[in-house]
Amino acid sequence: MWIWRAIGSLAFVLGAIGLAIPVWPTTIFWIVAALAFAKSNPIWAEWIYRQPGVGPTIKAFIETGAMGREAKIAALIGMSIAAGLIVIFGYRNPWMLGFGLGLIAIGAVFVITRKPLRD
């Protein structure tokens, strides 16, 4: 149980960084945190679900696997910005380009293929 709590805490802190750095993802880390806290401390998972802005989106994704249109657009815009930064700062390093853009491509395919959130 302490391993799940440690994973949740680390993911939560990584997500919190995204509140200050616009291109750093918050939601995906808080989804991981909520899943880990659901196994170790459900009260903490419920606290994440109550957070304005991201909480309902996270809860809906965990319960249904669906994403709203705005969430998809925001995720893809963030990935596009990150891809641009990788190209700008890593154009001389083919490993950075390949690895970074590859991860972003996998993430983009995942986001695009999520079913739409129904009201």
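Which residues of helix 3 (residues 42–49) are buried? In this predicted model, the buried residues of that helix are Ala-45, Ile-48 and Tyr-49. Seen down the axis of helix 3, these residues fall within an arc of 100°, so they line one face of the helix. The protein chain as a whole has six helices and zero strands, and the points below cover its overall form, helix 3, helix 6 and the largest pocket.

**Overall form**
- Read along the sequence, the protein chain follows the pattern α-α-α-α-α-α.
- The C-alpha trace of the protein chain spans about 45 × 35 × 25 Å along its principal axes.
- Of the 119 residues in the protein chain, 29% are buried.
- Among contacts between residues at least 6 apart in sequence, 52% join residues at least 24 apart.

**Helix 3**
- The buried residues of helix 3 pack against three other elements, namely helix 1 (2–17), helix 2 and helix 4.
- Tyr-49 is one of the buried residues of helix 3, and the buried residues of this helix line one face because their arc is 100°.

**Helix 6**
- Helix 6 (residues 94–112) has 19 residues, which at 1.5 Å a residue should span 27 Å; the end C-alpha atoms are 26 Å apart, in agreement with that expectation.
- Leu-97, Gly-100, Ile-104, Ala-108 and Val-111 are the buried residues of helix 6.
- These buried residues cover an arc of only 90° around the axis, which puts them on the same side of helix 6.
- The partner against which the buried residues of helix 6 pack is helix 5 (69–90).
- On the face of helix 6 turned away from its buried side, the exposed residues are Pro-94, Trp-95, Phe-99, Ile-106 and Val-109.
- At the start of helix 6, the backbone nitrogen of Trp-95 lies within 3.0 Å of a side-chain oxygen of Asn-93.

**Largest pocket**
- The volume of the largest pocket is about 960 Å³.
- Its lining comprises 30 residues, of which Pro-25, Thr-26, Ile-28, Ala-75 and Met-79 lie nearest the centre of the pocket.
- Helix 2 (27–40), helix 4 (55–64), helix 5 and helix 6 are the elements that give two or more residues to this lining.
- Helix 5 supplies the largest share of the lining, 11 residues.
- Helix 5 thus appears in two settings: it packs against the buried residues of helix 6, and it contributes to the lining of the largest pocket.

Definitions and conventions:
Residues numbered from 1 in each chain as written. Predicted model: local features only at pLDDT ≥ 70, side-chain atom pairs only at ≥ 80, totals over all residues. Heavy atoms only, no water. Helix = DSSP H or I, 4+ residues; strand = E, 2+ residues; numbered from the N terminus. Expected span 1.5 Å × (residues − 1). Buried < 20%, exposed > 50% of the residue type's maximum accessible area, 1.4 Å probe, protein only. Arc of directions from axis to C-beta. Contact = heavy atoms within 4.5 Å. Polar contact = N/O pair within 3.5 Å; in protein donor to acceptor, adjacent residues only side chain to side chain. 1 Å grid on protein atoms, 1.4 Å probe; cavity = no way out; pocket = protein on both sides within 12 Å on 5 of 7 lines; lining within 4 Å. Points joined across faces, edges and corners; volume = space filled by probe spheres on them.
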